[in-house]
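Biologist: I would like to know how the labels on a model are earned. Could you take me through the reasoning?

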Amino acid sequence: MNYSQNRQRSRASTIHAARLPSKYLLRTRTRIEDTSHVQRVNYDSSWVRSSMSQLGFLQSARSIDAELGPLIDFAIRWAPFGGADCGDLLISFGVGRRSFVEMVHAGLRPRRTDNQQVRWLKRRLLDALASAWHVDTAASPGSVR
């Protein structure tokens, strides 16, 4: 991918995100690698901080159920490690991995009352978490590899 294509891609992503407050956007230091038409996000500490900030925005906008906020927080914190194993999930939430992923998906599902920016933010966060937690999106929302 050459320089002009990268600039066009970054401009396109900032156009959609321009309506959100700047502190809730993904930081530019988060590297996105384009490998065989699949974008892979580098889940480093800046991604975790940015995602936690986005979660805080969604919670302050009352766009996420209060009881599902800690699950999404947990999912973001464990994303750099490929997600937690069943034992950690059982101890923390009393559910298995498949149920946990389904609950996170339900928590980030768009609502009728969500505006376009909130829907976009939820979709982006859900896609990143699904990739990090190795969720098989081809089968169903809750399928885990």
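Modeller: Gladly; we will go label by label, bearing in mind that this is a predicted model.

Biologist: What is the order of the elements from the N terminus on?

Modeller: The elements run α-β-β-α-α-α-α-α, with six helices and two strands in the protein.

Biologist: What makes α6 a regular helix in its span?

Modeller: Set the expected span against the ends. At 1.5 Å a residue, counted for one less than the number of residues, the 17 residues of α6 should span 24 Å, and the end C-alpha atoms are 24 Å apart, so the two values agree.

Biologist: Why is Asn115 said to cap α6?

Modeller: A side-chain oxygen of Asn115 lies 3.2 Å from the backbone nitrogen of Gln117, at the N-terminal end of α6. The cut-off for a polar contact is 3.5 Å, so a pair at 3.2 Å qualifies. Just after α6, His134 takes a positive phi of about 60 degrees.

Biologist: Which residues of α6 are called buried, and what covers them?

Modeller: Val118, Leu121, Lys122, Leu125, Leu126, Ala128, Leu129, Ala130 and Ala132 are buried, so each has under 20% relative accessible area. Their cover includes α2, α3 and α5. Across the protein, buried residues make up 36% of the 145 residues.

Biologist: What makes the largest nonpolar core a core?

Modeller: Its 32 residues are buried nonpolar ones joined through side-chain atoms within 4.5 Å. Ile72, Ile76, Phe100, Leu108, Leu129 and Trp133 touch the most other members. Two or more residues come from each of α2 (45-60), α3 (69-78), α5 (97-107) and α6 (116-132), and α6 gives the largest share, eight residues.

Biologist: How do you know that Leu108 reaches residues far along the sequence?

Modeller: Leaving out residues up to four places away in sequence, Leu108 touches Leu58, Ile64, Ile72, Lys122, Leu125, Leu126 and Leu129. In the protein as a whole, of contacts between residues at least 6 apart in sequence, 59% join residues at least 24 apart.

Biologist: Where is confidence lowest, and where is it highest?

Modeller: Strand β1 (residues 32-35) is lowest, at a mean of 48, while α3 is highest, at 95. The average pLDDT is 78, and 66% of the residues score at least 70. Over residues 25-32 pLDDT stays under 50, although the model has 26 contacts there beyond four places in sequence.

Biologist: How should such a stretch be read?

Modeller: Where pLDDT is low, the predicted coordinates should not be read in detail. Residues 12-18 also stay under 50, with five contacts beyond four places in sequence.

Technical notes: Residues numbered from 1 in each chain as written. Predicted model: local features only at pLDDT ≥ 70, side-chain atom pairs only at ≥ 80, totals over all residues. Heavy atoms only, no water. Helix = DSSP H or I, 4+ residues; strand = E, 2+ residues; numbered from the N terminus. Buried < 20%, exposed > 50% of the residue type's maximum accessible area, 1.4 Å probe, protein only. Contact = heavy atoms within 4.5 Å. Polar contact = N/O pair within 3.5 Å; in protein donor to acceptor, adjacent residues only side chain to side chain. pLDDT = per-residue confidence, 0-100.
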